[in-house]
Amino acid sequence: MRRETLVVRAGLHSDPVTGAVSAPIHQSATFVHTRLPPPGDNSGYAYSRTSNPTRTALEKSLAALDGGARACAFSSGLAALDAVLRLLGPLAGKRLIVTEDPYGGTVRLLDKFFRPIGLDTVYIDTSDTGAVERELERGALALLLEIPSNPLLRVADVDALAAAAKRAGALLIVDNTFLTPHLFRPLEHGADLVVYSATKYLGGHNDLVAGAAVCRTEEMGTRLALVQNAVGAVLGPMDSWLLLRGLKTLAVRLDRQQENARGVAEFLRRCPRVSRVRYPGLPGDPGHERLRRQASGFGAMVSFEVEDPERVEAILTGTKIFSFAESLGGVESLITFPVRQTHADIEPAERERLGITDRLLRLSVGIENLEDLLEDLEQALA
Ligand SMILES: *Cc1c(COP(=O)(O)O)cnc(C)c1O
């Protein structure tokens, strides 16, 4: 099946009892046994932390969309990342290489909770293939990529980095929150694991917090399910169902969001008050060619710098359609100020070095009418 068909059909789990087209919400903590299961028989359902039929339906869809052996759904994207890190084995004295401008919460998790137990995180510009190769040669447990990075939207060469990670004996983990399997399937480019904040594009409606991890191999999938059960940051049945519903429209939503994002980026590039626009979908953007080669789209996140930082607050509160809010990926357009919101926990000197400045704004472009979005930006910038 092609991508647009798969997102709809992979999410259909008609109920064998009633024929209901929409997967039932199994709002139950426990399940009645009809016989004494043989020792070690884990088929069937027993307790909803371990497995729940609505969550299983979702996990099957997620595995199918990424072409993975198994997927696990978690209560948030960070819970999914935490589970994946636990999967790596003993972490003390080991190194993890990470994209230097990742999601702010990823930095918080790594620096505040994994560094104290001995996992040393090295942040580097992963769009610089040579730099990553040199770091990998010094030894690493895994390489964690965000593509494109956030909020600077730089693009790593995943094929080259997958080969380098393999040579170095490191696992490749891709946080594919921004592109989703509709536009990019990391496992087909050599990744071992894919993680998602499903709060964003996969859910798509800013109405739930959820995460997922997809494993290339069954062996890793079994171990991830063990972490999921042992630690217990699972996605509940109701949210699993909401996510299943959101997933069915992923292709149409993201295609439209991407079309709007391109229009918004082109508009901003012509704006005199805007000094720089970052959108890998624009020809001439540093990541454009690389993403065109690897993915089937560019996503719908646009970052831009305004000439005068004094104007930032007026822009944030002056938009009428773009909502001034954190997060991204939903059908509603949002405007974010990374320095004070998503990346506030990063050390100021480090932010400055990266270019996450008090002039930088980030847009998550939704599915509204493009002319309305442009008029809104025009009046707010004026
Ligand atoms: C939001 C986000 C996360 C964290 O996900 P939550 O669902 O908020 O826990 C991780 N990675 C990226 C790229 C994100 O945008």
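A pocket, as the word is used here, is an open set of grid points where a 1.4 Å probe fits, with protein on both sides within 12 Å along at least five of seven lines. With that in mind, select the ligand in this predicted model, and you will find that the ligand sits in the second largest pocket.

Next, show the residues around the ligand: there are 13 of them, and the closest are Gly77, Asp175, Ser197, Thr199 and Lys200. If you colour this shell by residue type, it divides into 5 nonpolar, 5 polar and 3 charged residues.

Now turn to single side chains, beginning with Thr199, where a polar side-chain atom lies 2.7 Å from an oxygen atom of the ligand. Select Ser197 after that, since its side chain has an N or O atom 2.8 Å from a ligand oxygen, and then Ser76, where the corresponding distance is 3.5 Å. On its own the ligand has 380 Å² of accessible area, and the protein covers 92% of this.

Finally, zoom out and colour the chain by domain, with residues 3–247 as domain 1 and residues 251–381 as domain 2. The centres of the two domains, taken over C-alpha atoms, are 26 Å apart, and the contact between them takes 41 residues from domain 1 and 41 residues from domain 2.

Terms used
Residues are numbered from 1 along each chain as its sequence is written. This is a predicted model: local features need pLDDT of at least 70, side-chain atom pairs count only at pLDDT 80 or more; totals for chains, interfaces and linings use all residues. Side-chain values use heavy atoms; hydrogens and water are left out. A residue is near a molecule or strand if one of its heavy atoms lies within 4 Å of it. A polar contact is a pair of N or O atoms within 3.5 Å; within protein, one must be able to donate a hydrogen and the other to accept it, and residues adjacent in sequence count only if both atoms are side-chain atoms. Accessible areas come from the Shrake-Rupley method with a 1.4 Å probe; for residues, only the protein chains shown count as cover. On a 1 Å grid over the protein atoms alone, a cavity is a set of points where a 1.4 Å probe fits but cannot get out, and a pocket is an open set with protein on both sides within 12 Å along at least five of seven lines; lining residues have an atom within 4 Å of a point. A molecule sits in a cavity or pocket if more than half of its atoms lie within 2 Å of its grid points. Ala, Val, Leu, Ile, Met, Phe, Trp, Tyr, Cys and Pro count as nonpolar, Asp, Glu, Lys and Arg as charged, and the others, Gly among them, as polar. Domain bounds come from an automatic or database domain assignment. Contact means heavy atoms within 4.5 Å.
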